[in-house]
Amino acid sequence: MLEYSKDGITVAVYLDTRRKRNDGRCPLKIRVTYARKCAYYPTGKSLTSAEWEALPRTKTKEATATRRDIENSYNHIRKIVEDLAMQGAFSL
């Protein structure tokens, strides 16, 4: 869905299927990878695998709102990562 990569730093949206909830949904997280180490940041959203696969194509109000919230979280973290990388101060 969303992915950014530069200078060995990758920022991507990730469906964490390792942490299934009782209702079958999995949390969506923003994954930041650097030097083969990952940090995960929660978005506060959770989806089933089927909803995750359909999210880019679905045009319902709920899916559009979810997509917008995910993009806002992603863009916020990406901006911070870019700023830190530009200053040479990025680390996990």
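**Reading strands, turns and burial**

Mentor: Start with one pair of residues: the bridge partner of Tyr4 is Val11, in strand 2.

Trainee: What kind of model is this?

Mentor: It is a predicted model, in which local features need pLDDT of at least 70 and side-chain atom pairs count only at pLDDT 80 or more, while totals for chains, interfaces and linings use all residues. Residues are numbered from 1 along each chain as its sequence is written, and side-chain values use heavy atoms, with hydrogens and water left out.

Trainee: How many helices and strands are there in the protein chain?

Mentor: First, the terms: helices (H or I, at least four residues) and strands (E, at least two) are DSSP runs, numbered from the N terminus. The protein chain has 2 helices and 4 strands, and along the sequence they follow the pattern β-β-β-β-α-α. Taken along the principal axes, the C-alpha atoms fill a box of roughly 40 × 25 × 15 Å.

Trainee: In which sense do strand 1 and strand 2 pair?

Mentor: Two strands are said to pair if DSSP finds at least two bridges between them. Strand 1 (residues 3-6) and strand 2 (residues 9-15) pair in the antiparallel sense, over 4 bridges. Strand 2 also pairs with strand 3, again antiparallel, over 7 bridges. Val11, the partner of Tyr4, stands opposite Val32 in strand 3. Strand 3 and strand 4 are antiparallel too, with 8 bridges. Among the partners there, Arg31 is matched with Tyr40 of strand 4, and Pro27 with Ser46 of strand 4.

Trainee: Where do the side chains go in a regular strand?

Mentor: In a regular strand they alternate between the two faces of the sheet.

Trainee: Which residue takes a positive phi in the hairpin of strand 1 and strand 2?

Mentor: Asp7 does, with phi near 55°, and the hairpin has 2 residues between its strands. Note that this is a positive value in a residue other than glycine. The hairpin of strand 3 and strand 4 also has 2 residues between the strands, and Ala35 in its turn has a positive phi of about 55°. Arg36 is another case: it lies in the loop between strand 3 (26-34) and strand 4 (37-47), and its phi is near 65°, positive although the residue is not glycine.

Trainee: Is Asp7 buried or exposed?

Mentor: Use the relative accessible area: buried means under 20%, exposed over 50%, and partly exposed in between (1.4 Å probe, protein chains only). Asp7 has 60% relative accessibility, so it counts as exposed. Arg36 is exposed as well, because its relative accessible area is 84%. Over the whole chain, 32% of the 92 residues count as buried.

Trainee: Why is strand 3 described as largely enclosed?

Mentor: Because 7 of the 9 residues of strand 3 are buried, the rest of the structure largely encloses it. Cys26, at 0% relative accessibility, counts as buried.

Trainee: How many disulfides does a search of the whole structure find?

Mentor: A disulfide is a pair of cysteine sulfur atoms within 2.5 Å. The search finds 0. The closest cysteine sulfur to that of Cys26 is in Cys38, 17 Å away, and therefore too far for a bond. Cys38 itself counts as partly exposed, at 40% relative accessibility.

Trainee: Which residues is Ser49 in contact with, leaving aside its neighbours within four places in sequence?

Mentor: Contact means heavy atoms within 4.5 Å. With those neighbours set aside, Ser49 touches Leu15 and Thr17. Ser49 lies in helix 1 (residues 49-54) and is partly exposed, with a relative accessible area of 38%. Its C-alpha atom is separated by 9.8 Å from that of Asp16, although the two residues are 33 apart along the chain. For the chain as a whole, take the contacts with a separation of 6 or more: 40% of them come from residues 24 or more positions apart.

Trainee: How many positive and negative side chains does the protein chain have?

Mentor: Lys and Arg count as positive and Asp and Glu as negative, while His and the chain ends are not counted. The place of a charge is taken as NZ of Lys, CZ of Arg, CG of Asp or CD of Glu. The chain has 18 positive and 11 negative side chains, and the centres of the two sets lie 2 Å apart.
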